[in-house]
Structure formats: structure tokens, C-alpha cells
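Please work through the following exercises with the structure open beside you, trying each task before reading its solution.

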Amino acid sequence: MANYRILSLDGGGAWALIQVKALIALYDVKTTGHEVLSDFDLVAANSGGSIVLGGLVEDIALGELLGYFQNETKRRSVFSPTSFWSDSALSALTGIGPKYSEKAKLPALETLFSKRGDVKLPDAAAGIRRTGSSIDVHLLIVGFDYDRNRATFFRSTGFDSPAWGKGDVADVTLAEAIHASSNAPVNYFDGPACFLERTDRYWDGGITGCNNPVLAAVTEAITLGQNASDLSVLSIGTATVSLPLQQKDQADSPFLQPRSDDGLINDLQKLAKAILDDPPDIASFLAHVMTGGPSGLKAPITSRVVRMNPLISPIKDISGNWVAPEGMTKSQFSYIASLDMDAVEQHQVDMISNFADLWLKSKVPNQPIRKNGDTFKSELGQAWFQEAFAAWQTIKAGGHLI
């Protein structure tokens, strides 16, 4: 199908509420999950993004799905404290160690997705189709096989090709795939994700380098027989901290990234959080290259990939100084830049929600496909949400092709 459409959803815990807010801006608060999915042929998701995908497959309204993240009771059902006192003690002493229960998460997900959560992934996708298509939407959820030390792709549809190898259909339920994908290790959950009556164990798909799964999504579409230049990709993130590097002659500032002290504890803390990082623009940029770059596109559309992701990044004032974006104080900027993925306190989630609203109003910058690492100027893609919104609408309408 020409203009084969892909939706890609990053990981990011409770920060995935940003994705729901972006979808509400693109559609409406009353739009249901299946109505959103009727715009796409393939949806790829990791971790927090897989919870959003679960809500879309469950066919709940976007406004209700937003409540999965904003409602403290529902949020804490997924992030339930670990019962191991030794884990809590280690975390308090060193800043390293799990805080949440793996065993409590799967039942919580099955409760959240009561209609399709306990259905095998291929059956969960049955009957959900892009408008005009005779093929069910292809679901791709990313996990990491704990025992085999390799990526696992939970697919609703398989493929078998001499050129591309074999991609098996998932033999797990929708809730189990989400459980595997959202099980961040070390500083978050207290063990690999496990299923009843199965020996498989999984960590968060971010371990595979696919916290931003857009590159896996594009690869999947090509292995399914799609022409790379026929792909249109909407990639929605969960916010990325991007600060200019502090130089030796610069005073400490919340708008600058200090150079990290090396050493065992600091390095372990950095590694524990590294699974959430989208290496600067690389996944989106590689997907851009794979889909043909600007070839065959009408200006101002320069890519078949549209990236929507708020940057926790300062902007320069008229004097050339780094300052907080419009609508944020210096202390608010500092606070949200330091928030972890597992923001569960209500005031933390409220702060993320307010930050997302500023992004949707184009007061907070958007992560482009590529930007200058020193000046932070966009070099490819859209620097503001409203620009990304317009680009995606143009691509959906087919007005991007020469």
C-alpha cells in the first residue's frame, strides 16, 4: 500500500501521558483507540508506549486513556512498591536498586486492559484495520530476553522470507507483551518479567536500544514487504532532556549539563538510566535515511518521518543567554529536568502534564530529527510541535510527494 503508515511510541513510564496528549491534539479527547489505529498499518511500542498501545487496542477513549497515567490509583497499581526490604535499603543507601514489584505489575495490566489484555497478541489485533485496508493492523512490542541476552519482538503477524529470515507470531497475551516491554531493570523493577506456566523472562525493551522503537518499526515494515519510500512515520516520544554542556569557565546552572564525575557508583547510576536515552537523534535520523531522506518530497516536507517529542531544553534570549522556555520558571525547569521515569507522585505527574501542554502550544521546543549539538538549532525536522502537527497532516493528505 502506498503511503504505508507507521505509529511509533517511545518508552518512558508515566511520561507516556505526553503521547496521549499528543494524540488528543491530533484527534480529540473522545476519539477511541480503534479510531486512532484506523489511521495506521503498523504500530510499534516500547515500555510506557506499550501501555498507550494497550489502551488503543482496548478501544477506550483518549481522555480515559490519559486517566490511566493521571489517576494516582491506576498509576500506582503498575508501580507497586517492592516487598524486598533489601532492595529498598540498597536504593536508599546507594541510589541504585529496584523500587517496584514485577509480580504485581502483570495483574495490574490485566485489570487495566480487561477486554483484550488476556487475549493472545494476534487475536487482540483481529479486526482492527486502517480505513480501506483488508489487513489487521500489525502490532510490534519490544522486549529483551533476559536469558538469551537478545531483543524479542512480540508480533501480531509473522513473516517468513529467504531475504529477511523469519519473524514469529507472538505466543503471549497483550498484557504479557506489555509487561515484558515495560519491565525496566536495576533502578525500577525487582526482577525480570515472568508469566504463569512459562519459563521466559524479560527486561524492558529499552535494553535493546529501542526505547525509541522507530528504527525497529521501519525495519519491520520493510521485512513485511513494504517499499521504504512508501512509508510514512509518526514517532511520538516521552520527553528528552537536552542541555548544553557546561564549559570549565561557566558557573553551575540548571540550563547546563555538568560533566559527570566518573567512578563505580556514578557509572552504575548512569548505566541504569541509559536504557531510557534516545542517543541524540540517531534512531529518528537512521529511519529518515532508510525511508529515502528528502528524495521525492515536496518542500517544506523534508522527511517521511515526523518526530513529536518535547525537549527539556533551554532557549536563548535576545542577549544570547540560556533561559527557561516561555511559561516556565528557572526552578520549574530544574525540577522537571531532574524527574525520573518513574514519576508516581501526583505533583510530579501534574508537572509533566503542564509541561506537555506548553509543548503542544509550541512554547517548549520539539525534538527534530537532527539538531546542532552546540547551538541546538534544528537542522532537519520540526523544531516546534505545531510545525510537526502541520507536517503530519500534509503527509496524511498525500501532499508531500512530488
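**Exercise 1. Helix α13 against helix α14**

Determine at what angle helix α13 and helix α14 pack, and classify their arrangement.

Solution. In this predicted model, begin by finding helix α13 at residues 330–338 and helix α14 at residues 346–360. The two helices pack at an angle of about 110 degrees, and their axes are 11 Å apart. That angle makes α13 roughly perpendicular to α14, because angles from 65 to 115 degrees are placed in that class. As a last step, consider the handedness: α13 passes α14 in a left-handed crossing.

**Exercise 2. Helix α1 against helix α15**

Describe how the axes of helix α1 and helix α15 cross, and decide which class of arrangement applies.

Solution. Helix α1 covers residues 17–26 and helix α15 covers residues 385–396, and their axes come within 11 Å of each other. The crossing angle is roughly 55 degrees, and α1 and α15 are therefore oblique to each other. The crossing of α1 and α15 is right-handed.

**Exercise 3. A salt bridge that starts in helix α1**

Which residue forms a salt bridge with Lys21, and how far apart are the closest N and O atoms?

Solution. The general principle is that side chains of opposite charge can pair when their charged atoms come close. Here the partner of Lys21 is Asp357, with the closest N and O atoms 2.7 Å apart. The pair links distant parts of the chain, since Lys21 belongs to helix α1 and Asp357 to helix α14, with their positions 336 residues apart in the sequence. Turning to accessibility, Lys21 counts as buried because its relative accessibility is 11%, and the limit for that class is under 20%. Asp357, with a relative accessible area of 27%, is partly exposed.

**Exercise 4. Further salt bridges**

How many salt bridges does the structure hold, and which residues are linked with Lys120 in a network?

Solution. The structure holds 18 salt bridges. Lys120 is linked with Asp171, Arg198 and Asp200 in a network of salt bridges. Two further pairs can be examined one by one. In one of them, the side chains of Asp168 and Lys166 meet at 3.8 Å, N to O; Asp168 is partly exposed at 47% relative accessible area, whereas Lys166 is exposed at 60%. In the other, Glu379 forms a salt bridge with Arg370, and the closest N and O atoms are 3.1 Å apart. Glu379 has a relative accessible area of 42% and is partly exposed, and Arg370 is also partly exposed, with a value of 32%.

**Exercise 5. Backbone features in loops**

Locate the cis peptide bond that joins Ala299 and Pro300, and then decide whether Glu197 and Ala239 are buried or exposed.

Solution. For the bond between Ala299 and Pro300, omega is about 10 degrees, and Pro300 sits in the loop between α12 (282–290) and β11 (305–308). Next, take Glu197, a residue other than glycine whose phi is positive, near 60 degrees. Glu197 lies in the loop between β7 (193–194) and β8 (201–204), and because its relative accessibility is 85%, Glu197 counts as exposed. Ala239 likewise has a positive phi without being glycine, the value being near 90 degrees. The loop that holds Ala239 runs between β9 (231–236) and β10 (240–241), and Ala239 is buried, with a relative accessible area of 18%.

**Exercise 6. Ala16 and a surface patch**

What is the C-alpha to C-alpha distance between Ala16 and Gly48, and which residues form a nonpolar patch on the surface?

Solution. Ala16 is found in the loop between β1 (4–9) and α1, where it is buried, with a relative accessible area of 0%. Although Ala16 and Gly48 are 32 residues apart in sequence, their C-alpha atoms are 5.4 Å apart in space. For the second part, the patch consists of Leu264, Ile265 and Leu268, which together have about 280 Å² of accessible area. Ile265 is placed in helix α11, which covers residues 264–274, and Ile265 counts as partly exposed because its relative accessibility is 40%.

Conventions
Residues numbered from 1 in each chain as written. Predicted model: local features only at pLDDT ≥ 70, side-chain atom pairs only at ≥ 80, totals over all residues. Heavy atoms only, no water. Patch = residues over 30% accessible without salt bridge, like charges linked within 9 Å, V, L, I, M, F, W, Y side chains within 5 Å. Areas by Shrake-Rupley, 256 points an atom, 1.4 Å probe, with all protein chains shown as cover. Salt bridge = Lys/Arg side-chain N within 4 Å of Asp/Glu carboxyl O. Helix = DSSP H or I, 4+ residues; strand = E, 2+ residues; numbered from the N terminus. Buried < 20%, exposed > 50% of the residue type's maximum accessible area, 1.4 Å probe, protein only. Axes fitted to C-alpha atoms, helices over the stretch in contact; angles between N-to-C directions. Parallel < 35°, antiparallel > 145°, perpendicular 65-115°, else oblique. Left-handed = near helix turned anticlockwise from the far one by under 90°.
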